[in-house]
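Subject: Handing over a structure, with notes on what is in it

Dear colleague,

I am passing this structure on to you, and I have set out below what was found in it. Please look through the sequence and the coordinates before you read on.

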Amino acid sequence: MLTNCKSSKLDFRKGRKIPICSECGGSVSLYLASKEVVAVRPEASRSDYWIACDEPSCINNYGDYMFQEEPDWVIWQQPDDCPGIL
Ligand SMILES: [Zn+2]
């Protein structure tokens with residue numbers, strides 16, 4: 001489980017937008033492909049980063065390695081507290 005890899009977790013946002021899983025609407029986390037992450041997600045060794053949905057029951061909870069662009073299942077959402085401000 002990636003919950004063992006909290007030290008690898010990065011702050012992942014674009015301006016004030018936050019990443020959301022398009023499959024379940026859950027939050028999405030970006031991890032450094034550290035030793036701990038590669039131990040549970042061997043594919044992470046292909047890249048510097050690993051990205052996964054935080055929802056344990058979600059199909060995207062396993063996650064994907066990431067190069068320049070995040071996977072298609074990541075959508076960017078404006079927080080409710082600042083509508084219309086980019
Ligand atoms: Zn999800």
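Which residues does Q77 touch, not counting residues up to four places away in sequence? Before the answer, please keep in mind that this is a predicted model, and that everything below should be read with that in view.

Leaving out residues up to four places away in sequence, Q77 touches K17, I18 and I20. The residue itself is found in strand β6, which covers residues 74–77. Q77 counts as exposed, because 12 other C-beta atoms lie within 10 Å and a residue with 12 or fewer is classed in that way. Q77 can also be set against G15, which is 62 residues away in sequence, while the two C-alpha atoms are 11 Å apart in space.

The overall layout

The protein chain has one helix and six strands, and, read from the N terminus on, these elements follow the order β-β-β-α-β-β-β. The radius of gyration of the protein chain is 13 Å, close to the 12 Å that the globule rule gives for 86 residues, so the chain is as compact as a globular protein of that length. Along its principal axes, the C-alpha trace spans about 40 × 25 × 20 Å. Buried residues make up 20% of the 86 residues. Of the contacts in the protein chain with a separation of 6 or more, 47% are accounted for by residues 24 or more positions apart.

The sheet

Four strands form an open sheet, in the order β1-β3-β4-β5, and their pairing is antiparallel. Its edge strands are β1 (9–10) and β5 (64–66), each of which pairs on one side only. Between β1 and β3, which run antiparallel, there are two bridges, and L10 stands opposite L30 in β3. The pairing of β3 with β4 is likewise in the antiparallel sense and extends over five bridges, with Y31 standing opposite W50 in β4.

For a view of the edge strand β1, K9 is a convenient residue, since its place is in that strand. With 15 other C-beta atoms within 10 Å, K9 is partly exposed. Leaving aside its neighbours within four places in sequence, K9 is in contact with S29 and Y31, and its C-alpha atom is separated by 5.9 Å from that of L30, which is 21 residues away along the chain.

In β3, you may wish to look at L32, which is found in that strand. L32 has 16 C-beta neighbours inside 10 Å and therefore counts as partly exposed. Residues up to four places away in sequence being left out, L32 touches S8, L10, V37, D48 and Y49. The C-alpha atoms of L32 and I51 are separated by 8.8 Å, and these two residues are 19 apart along the chain.

The nonpolar core

In soluble globular proteins, nonpolar side chains tend to be buried together. In this model, the largest nonpolar core has 13 residues, and those with the most contacts inside it are L2, Y31, A33, V37, W50, I51 and A52. Both β3 (28–32) and β4 (49–53) supply at least two residues each to this core, and the largest share, four residues, comes from β4. Y31, already mentioned as standing opposite W50, is in contact with L2, C5, S8, K9, L10, V37, Y49 and W50, once its neighbours within four places in sequence are left aside.

A loop residue

The last residue to point out is S45, which lies in the loop between α1 (35–40) and β4. S45 is partly exposed, with 13 other C-beta atoms within 10 Å. Apart from residues up to four places away in sequence, S45 touches A33 and V38, and A33 is among the core residues listed above. S45 and W73 are 28 residues apart in sequence and, measured, or rather computed, from C-alpha to C-alpha, 21 Å apart in space.

With kind regards

Methods: Residues numbered from 1 in each chain as written. Predicted model: local features only at pLDDT ≥ 70, side-chain atom pairs only at ≥ 80, totals over all residues. Core = buried A, V, L, I, M, F, W, Y, C linked by C-beta atoms within 7 Å. Contact = placed C-beta atoms within 7 Å. Rg over C-alpha atoms; globule rule 2.2 N^0.38 Å. Pairing = 2+ DSSP bridges.
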